[in-house]
Amino acid sequence: MLKEIKTRQIAFGAVLTAVYVVLTVINPLSFPAIQFRISEILVLVCFYNPFYCIPMILGCFTANLFSPYGIADALLGTLATALAVIPMVKMKNIWLASLLPVFTNAVIIGIMLHVMYELPLFFNVAMVGLGQFTVVTIIGAPLFKVVLEKNKLFMSIICTDLTKNK
């Protein structure tokens, strides 16, 4: 049985999508081979609540429409995000979960840059992976684990089962 979509679900998802897009588009380091996409920290909300997978995927697609790599980045970057966040919801350890977007983006975007611009494959994979690892694993995972998990209001917002009647 399909659950009714609630206004609250749409609002939370829209806010997350918009924040991801804005943080990506205003950051000049979001698109080069050596990228530090601060917005990628947000993918970790999917670790806590699977509801946020779709807003993250939509946010990535929308933000990547502004990419200098065009529709290829919108499609492949979105694929990389989807392949990271969907299994992330089943993981029990945020540190391991944070490695999923590192791996998927390094491989998929690294190959995309190699094919489109004939840049060295290993360099692309390593640089995209390094940027993702820095942002999501070194900055994002500790931010969630040490700071945000201790914030009861924040956790009550992201961990709320938005599919229940309130």
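Asn93 is partly exposed, with a relative accessible area of 31%, and in this predicted model it sits in the loop that joins α4 to α5. Its 31% falls between the limits of 20% for buried and 50% for exposed residues, which is why the intermediate label applies to Asn93. Asn93 also gives a first idea of distances in the model, since 84 residues of chain separate it from Gln9 and the C-alpha atoms of Asn93 and Gln9 lie 25 Å apart.

From this loop one can step back to the whole chain. The protein contains eight helices and zero strands, and reading along the sequence therefore gives the pattern α-α-α-α-α-α-α-α. The radius of gyration is 16 Å, close to the 15 Å that the globule rule gives for 166 residues, so the protein is as compact as a globular protein of that length. The C-alpha trace spans about 55 × 30 × 30 Å along the principal axes. Among contacts with a separation of 6 or more, 67% join residues that are 24 or more positions apart. Buried residues account for 46% of the 166 residues, while the accessible surface of the protein comes to about 8800 Å², with 76% of that area belonging to carbon and sulfur atoms.

The interior can be followed through its nonpolar cores. The largest of them has 28 residues, and the members that touch the most other members are Cys46, Tyr48, Met56, Met88 and Phe144. At least two residues of this core are supplied by each of α1 (7–25), α2 (45–48), α3, α4, α5 (94–97), α7 (121–147) and α8 (152–159). Helix α3 provides the largest share, with five residues. A second core, separate from this one, has nine residues, including Ala33, Ile109, Met112 and Val128. To return to the largest core, the surroundings of Met56 can be listed residue by residue: when positions up to four places away in sequence are not counted, Met56 touches Leu16, Tyr20, Leu42, Val43, Cys46 and Thr81.

The outer face of the protein has a nonpolar region of its own. Val25, Leu65, Phe66, Ile71, Leu75, Leu76, Leu79 and Leu83 together make a nonpolar surface patch of about 720 Å². Helix α4, which covers residues 71–88, gives the most to this patch, with five residues. Phe66, another member of the patch, is placed in the loop between α3 (53–64) and α4, and its relative accessibility of 54% is the reason that Phe66 counts as exposed.

Helix α7 offers another point of comparison between sequence and space. Phe123 is placed in this helix and is partly exposed, because its relative accessible area is 38%. Although Phe123 and Ile34 are 89 residues apart in sequence, their C-alpha atoms are 9.5 Å apart in space. The loop that leads from α6 (99–117) to α7 holds Glu118, which counts as exposed at 72% relative accessibility. Most residues other than glycine have a negative phi. Glu118 has a phi near 55°, a positive value in a residue other than glycine.

Beyond α7, the loop between α7 and α8 contains Glu149. A search of the whole structure finds one salt bridge, and Glu149 forms a salt bridge with Lys145, in which the closest N and O atoms are 3.3 Å apart. The separation of 3.3 Å falls within the 4 Å cut-off, so the pairing of Glu149 with Lys145 qualifies as a salt bridge. Both partners are partly exposed, Glu149 at 27% relative accessibility and Lys145 with a relative accessible area of 34%. Leaving aside neighbours within four places in sequence, Glu149 is in contact with Tyr48, Phe144 and Met155; of these, Tyr48 and Phe144 were named above among the residues of the largest nonpolar core that touch the most other members. Glu149 and Val125, by contrast, are 24 residues apart in sequence and 31 Å apart in space, C-alpha to C-alpha.

Terms used. Residues numbered from 1 in each chain as written. Predicted model: local features only at pLDDT ≥ 70, side-chain atom pairs only at ≥ 80, totals over all residues. Heavy atoms only, no water. Patch = residues over 30% accessible without salt bridge, like charges linked within 9 Å, V, L, I, M, F, W, Y side chains within 5 Å. Areas by Shrake-Rupley, 256 points an atom, 1.4 Å probe, with all protein chains shown as cover. Salt bridge = Lys/Arg side-chain N within 4 Å of Asp/Glu carboxyl O. Helix = DSSP H or I, 4+ residues; strand = E, 2+ residues; numbered from the N terminus. Buried < 20%, exposed > 50% of the residue type's maximum accessible area, 1.4 Å probe, protein only. Rg over C-alpha atoms; globule rule 2.2 N^0.38 Å. Contact = heavy atoms within 4.5 Å. Core = buried A, V, L, I, M, F, W, Y, C linked by side-chain atoms within 4.5 Å.
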